[in-house]
Amino acid sequence: MNCLVRFAIAFAAFYSLALPSSPARAHPHVFVTMETDVLYGPDKSITGFKQKWTFDEMYSSFAIYGLDTNNDGKYDKAELQSLADINIQSLQEFDYFTFPKVGDRKLEVQPPRDYWLELSGDLLVLHFTSDLAEPLPPSEQADFAFSIYDRVNYIAFKFAPDAPVKLVGAGQDCASVISRPNAEPASTTTLSESYFQTLDPSADIGAQFAPSVKIACGAEALAAAQEAANTAQAEITNDEEMEPDIAAAAP
């Protein structure tokens with residue numbers, strides 16, 4: 001089986017083929033740890049996102065099997081490029097799992113560019129940059145927010161523990177505030193199948209579990225955003241205590 005077919009099976013079998021006909025399978029089977037740079041232009045408009053997604057060990061092992069074509073025991077960028085191509089093509093159907101908005105208005109995200117894969121230890125890491133269809137000027141950023149998630153929660157996304165969101169090119173008085181979802185279960189991997197059988201496969205299930213990232217600039221705005229995040233955090237009903245994460249603008 002060639003690498004393109006194998007990866008198509010890997011991504012589809014773990015994801016798309018199981019979704020429409022089987023809501024009982026709508027709990028996570030693939031796990032991704034993400035790091036996101038929010039990109040700003042010279043005029044401080046938000047222009048897009050630079051993503052780093054690290055896949056879990058099981059998925060990584062399956063996806064790269066047989067791709068060491070020169071048998072040197074390493075997986076270089078060239079050997080993984082065909083895998084990256086199929087990966088990005090597959091993501092298009094799912095809006096690249098990236099959902100920015102201003103208030104209730106959804107923002108369009110362009111297809112990824114500058115994408116590539118690497119193997120870090122035993123984990124497959126996907127890098128890519130996705131631009132907004134139109135840069136978002138500072139005057140419209142007060143209600144800007146974004147989330148990264150799978151609508152049916154088949155792929156579980158979580159932010160990395162250290163510096164998960166960086167603001168690249170933003171003002172030095174700007175920071176990101178990550179609000180944890182108040183619908184997050186104690187463990188999405190241990191919920192019973194009967195729970196997922198009650199879910200509508202067309203519903204936006206993943207949004208219930210996805211952290212929301214907002215950006216605040218200036219002391220007052222940052223304090224207000226932090227207070228809102230704290231309020232949302234206080235409403236979490238599970239036993240696990242989590243605090244909102246704040247990441248300052250990158251230099």
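A residue counts as buried when its relative accessible area is under 20%. I start there because Cys174 has 7% relative accessibility and so counts as buried. The model on the screen is predicted.

First, the overall picture. The protein chain has five helices and twelve strands. Of its 251 residues, 47% are buried. The accessible surface comes to about 12,700 Å², and carbon and sulfur atoms account for 52% of that. On contacts: if we take those between residues at least 6 apart in sequence, 75% join residues at least 24 apart.

Back to the cysteine. The structure holds one disulfide, and the bond joins Cys174 to Cys217, with an S to S distance of 1.8 Å. The two ends lie in distant parts of the chain, 43 residues apart: Cys174 belongs to strand 10, residues 174-179, and Cys217 to strand 11, residues 212-217. Cys174 is the buried partner, as I said, whereas Cys217, at 34% relative accessibility, counts as partly exposed. As for handedness, the torsion about the S-S bond is about 110 degrees, so the disulfide is right-handed.

Next, the interior. The largest nonpolar core has 43 residues, and those with the most contacts inside it are Val38, Trp53 and Phe144. What does Phe144 touch, leaving out residues up to four places away in sequence? Its contacts include Ile46, Phe49, Pro100, Val102, Leu107 and Leu136. Val213 and Ile215 are also among them, as are Lys101 and Lys214.

Now the charged side chains. The count comes to five salt bridges, and I will go through some of them. Glu140 and Arg105 meet at 3.1 Å, N to O. That pair also links distant parts of the chain, 35 residues apart: Glu140 is in the loop between strand 6 and strand 7, and Arg105 is in strand 4. Glu140 has 34% relative accessibility and counts as partly exposed; Arg105, at 42%, is partly exposed as well.

Which residues does Arg113 pair with? One partner is Asp114, at 2.5 Å, N to O. Another is Asp131, where the closest N and O atoms are 2.7 Å apart. Arg113 sits in strand 5, residues 113-120, and Asp131 in strand 6, with their positions 18 residues apart in the numbering. Salt bridges with shared partners join Arg113, Asp114 and Asp131 into one network. Within that network, Asp114 is exposed, at 53% relative accessible area. Arg113 is partly exposed at 36%, and Asp131 is partly exposed at 22%.

That is what I have on this model.

Technical notes:
Residues are numbered from 1 along each chain as its sequence is written. This is a predicted model: local features need pLDDT of at least 70, side-chain atom pairs count only at pLDDT 80 or more; totals for chains, interfaces and linings use all residues. Side-chain values use heavy atoms; hydrogens and water are left out. Helices (H or I, at least four residues) and strands (E, at least two) are DSSP runs, numbered from the N terminus. Buried means under 20% relative accessible area, exposed over 50%, partly exposed in between (1.4 Å probe, protein chains only). Contact means heavy atoms within 4.5 Å. Accessible areas come from the Shrake-Rupley method with a 1.4 Å probe; for residues, only the protein chains shown count as cover. A disulfide is a pair of cysteine sulfur atoms within 2.5 Å. A nonpolar core is a set of buried Ala, Val, Leu, Ile, Met, Phe, Trp, Tyr and Cys residues joined through side-chain atoms within 4.5 Å. A salt bridge is a side-chain nitrogen of Lys or Arg within 4 Å of a carboxyl oxygen of Asp or Glu.
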